[in-house]
Amino acid sequence: QVQLVESGGALVQAGGSLRLSCAASGVVFEDTPMGWYRQAPGKQRELVATITSGGSTNYADSVKGRFAISRDNAKDTVTLQMNSLKPEDTAVYLCNAGAVSDTGTYYPARWGQGTQVTVSS
């Protein structure tokens with residue numbers, strides 16, 4: 001059974017930083033592409049960042065240069081370092097275990113429960 005458990009969400013002031021972590025189990029982690037999504041109230045879920053099994057990363061334009069995704073295959077964890085946070089980054093952040101097509105498109109599959117990030121102005 002796949003389990004993804006997020007942690008690290010908090011209330012932070014604009015300009016601050018947070019580090020989110022996701023612990024995975026029930027998957028062959030080193031072979032699994034991983035991603036972070038977010039969902040703000042009244043808005044659709046959106047992709048934030050992905051990382052392939054080989055370590056290649058992809059980011060939403062809105063977070064490029066501010067957020068960094070990384071993975072530790074020894075600990076089966078994926079991390080999202082978030083810097084220069086803005087009020088518009090406020091959302092529930094969800095970890096995802098997915099797949100990548102031959103054309104490089106990331107497809108989400110399994111979801112965690114999410115962790116709340118609130119950025120005050």
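## Asn96 and its polar contacts

The side chain of Asn96 comes to 3.5 Å from the backbone nitrogen of Ala109. That side chain also reaches the backbone oxygen of Arg110, at 3.0 Å. These values are computed from a predicted model.

Asn96 belongs to strand 9, which spans residues 91-100. With a relative accessible area of 0%, Asn96 is buried, because the limit for that class is under 20%. When neighbours within four places in sequence are left aside, the residues in contact with Asn96 include Leu4, Pro33, Gly35, Tyr37, Tyr106, Pro108 and Trp111. Ala109 and Arg110 are also among these contacts, as is Met34.

## Met34 in strand 4

Met34, one of the residues in contact with Asn96, lies in strand 4, formed by residues 34-39. Met34 is buried, and its relative accessible area is 0%.

A further relation concerns Met34 and Asn73. The two are separated by 39 residues in sequence, and their C-alpha atoms are 11 Å apart in space.

## Salt bridges around Arg38

The count of salt bridges in the model comes to 4. Side chains of opposite charge can pair when their charged atoms come close. One of the salt bridges joins the side chains of Glu46 and Arg38, with an N to O distance of 2.6 Å. Glu46 is partly exposed, at 35% relative accessible area, whereas Arg38 counts as buried because its relative accessibility is 6%, under the 20% limit.

Arg38 also meets Asp89 in a salt bridge, at 2.9 Å from N to O. This pair links distant parts of the chain, with Asp89 in the loop between strand 8 (77-82) and strand 9 and Arg38 in strand 4, 51 residues apart.

## Asp89 and the network

Asp89 is buried, with a relative accessible area of 1%. The side chain of Asp89 forms a salt bridge with that of Arg66 at 2.7 Å, N to O. Here too distant parts of the chain are linked: Asp89 is in the loop between strand 8 and strand 9, while Arg66 is in the loop between strand 6 (57-59) and strand 7 (67-72), and their positions lie 23 residues apart in the numbering. Asp89 and Arg66 are both buried.

Taken together, Arg38, Glu46, Arg66 and Asp89 are linked in a network of salt bridges. Within this network, Arg38 pairs with Glu46 and with Asp89, and Asp89 pairs with Arg66.

Note on methods:
Residues are numbered from 1 along each chain as its sequence is written. This is a predicted model: local features need pLDDT of at least 70, side-chain atom pairs count only at pLDDT 80 or more; totals for chains, interfaces and linings use all residues. Side-chain values use heavy atoms; hydrogens and water are left out. Helices (H or I, at least four residues) and strands (E, at least two) are DSSP runs, numbered from the N terminus. Buried means under 20% relative accessible area, exposed over 50%, partly exposed in between (1.4 Å probe, protein chains only). A polar contact is a pair of N or O atoms within 3.5 Å; within protein, one must be able to donate a hydrogen and the other to accept it, and residues adjacent in sequence count only if both atoms are side-chain atoms. Contact means heavy atoms within 4.5 Å.
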